[in-house]
Amino acid sequence: MRYYSFILILIAFSSSSVLYSQSIYAYKLNDLNFGDIFIGYSSEVQQTDNNAAKFVFFHTKFFRGNVLVNFSLPASLKNGKYKIPVNFDSRHSAWSYRDRVDGRRNFDPYAPLTLRNLRILRPVYIWLGGTLNTFQGNAPGKYNGTIILTMEIF
């Protein structure tokens, strides 16, 4: 599939005398899920866990491009008026060119991540885990938060 897409882009580029459009295609492969937690206990999802958030993206800038990745992360998970603080850090986040545990590189999800000189159509995987601590005042139920991933090619 990658070869077929590359040929299509090459044809579009060579047959056009105007500027070639460049895009980033990103997909969410998995939501971050802390699972069932008893009130008063903590939970941790490592970036290597199956419950970690997982994204993949690639760009279509001809030959190579630089990509800036930013996360907007919730400070807490909410269930109505109840909140549970959630923490993200570089131990729980990583990126790699391959969908494997080995070779991942950690990054701070609160800081912009700049990936330089990425080849056209080369997939990049990103994983995000985190930690949370419940306390006795939390009500039982489902707690949710929104993670926003933004990317810019330059």
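**Close-up views of a predicted chain**

**Figure 1. The whole chain, read from start to end.** Read along the sequence, this chain follows the pattern α-β-β-β-β-β-β-β-β-β-β-β-β. Put in words, there are one helix and twelve strands. Please keep in mind that this is a predicted model. The chain has 154 residues, and 35% of them count as buried. Now take the contacts in the chain with a separation of 6 or more: residues 24 or more positions apart account for 78% of them.

**Figure 2. A look into the largest nonpolar core.** This core has 26 residues. Which residues have the most contacts inside it? They are Phe57, Val69, Phe71, Trp95, Leu115 and Ile126. Several strands give two or more residues to this core: S3 (53-59), S4 (64-72), S6 (82-87), S9 (113-119) and S10 (124-128). Try starting from Phe71 and looking at its surroundings. Leaving aside neighbours within four places in sequence, Phe71 is in contact with Phe55, Phe107, Pro109, Ile126, Leu128, Ile147, Ile148 and Leu149. Ile126 thus appears twice in this view, as a contact of Phe71 and as one of the residues with the most contacts inside the core.

**Figure 3. Asn66 and its partners.** Asn66 lies in strand S4, one of the strands that give two or more residues to the core of Figure 2. What does the side chain of Asn66 reach at 2.7 Å? The answer is the backbone nitrogen of Asn117. Asn117 also appears in the list of residues in contact with Asn66, which leaves aside neighbours within four places in sequence. The others on that list are Leu115, Arg116, Glu152, Ile153 and Phe154.

**Figure 4. Asp99, in a loop between two strands.** Find strand S7 (93-96) and strand S8 (105-106), and you will meet Asp99 in the loop between them. Asp99 counts as partly exposed because its relative accessibility is 38%, a value that falls between the limits of 20% for buried and 50% for exposed. The side chain of Asp99 makes a polar contact with the side chain of Lys54, at 2.7 Å. Beyond neighbours within four places in sequence, Asp99 is in contact with Lys54, Tyr125 and Trp127. You can also compare sequence with space here: Asp99 and Val56 are 43 residues apart in sequence, and their C-alpha atoms are 9.0 Å apart.

**Figure 5. His92, in another loop.** His92 lies in the loop between S6 and S7. Is His92 buried or exposed? With a relative accessibility of 1%, His92 counts as buried, because buried means under 20%. The side chain of His92 makes a polar contact with the side chain of Asp89, at 2.6 Å. Not counting residues up to four places away in sequence, His92 touches Glu44, Val45, Gln46, Gln47, Trp127, Leu128, Gly129, Gly130 and Thr131. Trp127 links this view to the previous one, as Trp127 is in contact with Asp99 and is touched by His92.

**Figure 6. The largest pocket and its lining.** Rolling a probe the size of a water molecule over the atoms shows where empty space is left. Here, the largest pocket has a volume of about 780 Å³. Of the 33 residues that line this pocket, Leu32, Asn33, Leu77, Tyr143 and Asn144 are the closest to its centre. Strand S1 (24-30), S3 and strand S12 (148-153) are the elements that give two or more residues to the lining. Which of the elements gives the most? That is S1, with four residues. By type, the lining residues divide into 20 nonpolar, nine polar and four charged.

Terms used
Residues numbered from 1 in each chain as written. Predicted model: local features only at pLDDT ≥ 70, side-chain atom pairs only at ≥ 80, totals over all residues. Heavy atoms only, no water. Core = buried A, V, L, I, M, F, W, Y, C linked by side-chain atoms within 4.5 Å. Buried < 20%, exposed > 50% of the residue type's maximum accessible area, 1.4 Å probe, protein only. Contact = heavy atoms within 4.5 Å. Polar contact = N/O pair within 3.5 Å; in protein donor to acceptor, adjacent residues only side chain to side chain. 1 Å grid on protein atoms, 1.4 Å probe; cavity = no way out; pocket = protein on both sides within 12 Å on 5 of 7 lines; lining within 4 Å. Points joined across faces, edges and corners; volume = space filled by probe spheres on them. Nonpolar A, V, L, I, M, F, W, Y, C, P; charged D, E, K, R; others polar.
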